[in-house]
Amino acid sequence: MAPGLAVIGGTGVYDPALFEEATAREVSTPYGVVTVQVGRFRHRKVAFLNRHGAGHAVPPHRVNYRANIAALKALGVRAILATAAVGSLNVNMAPGHFVFVDQFLDFTRSRPQTFYDDRVVHLDMSEPYCPELRRVLWEKAQELGLPAHPRGTYVCTEGPRFETPAEIRMFRHMGADVVGMTGVPEVVLAREAEICYAAIAVVANYAAGVTPARLSHPEVVAAMEGYGADLRRLITATLEALDVERECACHRALAEA
Ligand code: HPA
């Protein structure tokens, strides 16, 4: 049985302890070999992928996004829930809040963005994140009483440095709510692979200059670990509720590209 669902774990979400009987699979793709944990969750096969590799060793601008998504596609995955630590530009989105982002702004610079270098493919990005996955996440967050937001605009920076306060002011003028370093091109490649994709953005901190506090990676990791239990409850409730066989427009994203 192929794993129909996958979780991509970002900063602070490293273990597939969500699942029973997880085994590591080495998946070969044209972009490299990816280690994916495949396990069982309530009679379902689910895949788990560490975005930053074992021991959080790969920085955001060096993540092999194409290999990661190609590996999940090769395993037969039809829907991905991706966790992402973010800074908040929106005072209503406080640390510990979950944001089911619906739009992105792309400020990355050096990352391969497509599987199609030899063919002209212009993908529609009207709804980059799967509306059905977002709907279920929002429903489950409400049922669990978690602080959450049903939509938001994610700005992806190149990193690995944090932003300047001037950049954050600019992004705020552009309509961004949260900032992270890994959401793009992951969401774009998932769409090219015709896999439903939703990001669970977890606010770890206020972005630079929103409060006087300085930012540090260990603090982001510690904050994310603090929100881990809520995140796990949200992910398990969502995985349980999702219909793996469901047909979705995301599965036909290339039809008009
Ligand atoms: N900026 C960029 N990425 C992040 C942040 C931030 O403030 N917090 C967590 N990931």
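This passage describes the nonpolar cores, the aromatic pairs and the ligand surroundings of a predicted model.

The largest nonpolar core of the model comprises 40 residues, and those with the most contacts inside it are Val36, Ile69, Leu72 and Ile80. Two or more residues are given to this core by each of the strands β1 (5–9), β3 (32–41), β4 (44–50), β5 (79–88), β9 (153–157) and β11 (196–206), as well as by the helices α1 (65–74) and α4 (183–192). Of these elements, α1 gives the most, with 6 residues. When neighbours within four places in sequence are left aside, Ile80 is in contact with Ala6, Ile8, Ile69, Leu72, Leu133, Ala190, Ile195, Cys196, Tyr197 and Ala198. A second, separate core has 35 residues, among them Phe48, Leu133, Leu231 and Cys250. In soluble globular proteins, nonpolar side chains tend to be buried together.

The aromatic side chains form 4 pairs in the structure. In one of these, Phe104 and Tyr129 are arranged edge-to-face, with 6.4 Å from centre to centre and an angle of 85° between the planes. This pair links distant parts of the chain, since Phe104 belongs to strand β7 (residues 103–107) whereas Tyr129 lies in the loop between β7 and α2 (131–144), 25 residues apart. Tyr129 has a relative accessibility of 3% and therefore counts as buried, the limit being under 20%. A further pair is formed by Phe107 and Phe171, whose ring centres are 4.9 Å apart and whose planes lie at 65°, so that this pair is likewise edge-to-face, given that angles over 60 degrees are classed in this way. Because Phe107 is part of strand β7 and Phe171 part of helix α3 (residues 165–173), the pair ties together parts that are 64 residues apart in sequence. The two partners fall into separate classes of accessibility: Phe107, at 30% relative accessibility, counts as partly exposed, while Phe171, with a relative accessible area of 3%, is buried. Ring pairs also link Phe104 and Tyr129 with Tyr197 in a cluster.

The ligand is surrounded by Ala85, Val86, Gly87, Phe162, Glu163, Val179, Gly180, Met181, Asn205, Leu215 and Val220. Polar atoms of Ala85, Gly87 and Glu163 lie close to ligand nitrogen: a backbone N or O atom of Ala85 is 3.3 Å from a nitrogen atom of the ligand, and a backbone N or O atom of Gly87 is likewise 3.3 Å from a nitrogen atom of the ligand. For Glu163, an N or O atom in the side chain is 2.8 Å from a nitrogen atom of the ligand. Of the 260 Å² of accessible area that the ligand has on its own, 95% is covered by the protein.

Technical notes:
Residues numbered from 1 in each chain as written. Predicted model: local features only at pLDDT ≥ 70, side-chain atom pairs only at ≥ 80, totals over all residues. Heavy atoms only, no water. Phe/Tyr/Trp six-rings, centres within 6.5 Å; stacked < 30°, edge-to-face > 60°. Helix = DSSP H or I, 4+ residues; strand = E, 2+ residues; numbered from the N terminus. Buried < 20%, exposed > 50% of the residue type's maximum accessible area, 1.4 Å probe, protein only. Core = buried A, V, L, I, M, F, W, Y, C linked by side-chain atoms within 4.5 Å. Contact = heavy atoms within 4.5 Å. Near = heavy atom within 4 Å. Polar contact = N/O pair within 3.5 Å; in protein donor to acceptor, adjacent residues only side chain to side chain. Areas by Shrake-Rupley, 256 points an atom, 1.4 Å probe, with all protein chains shown as cover.
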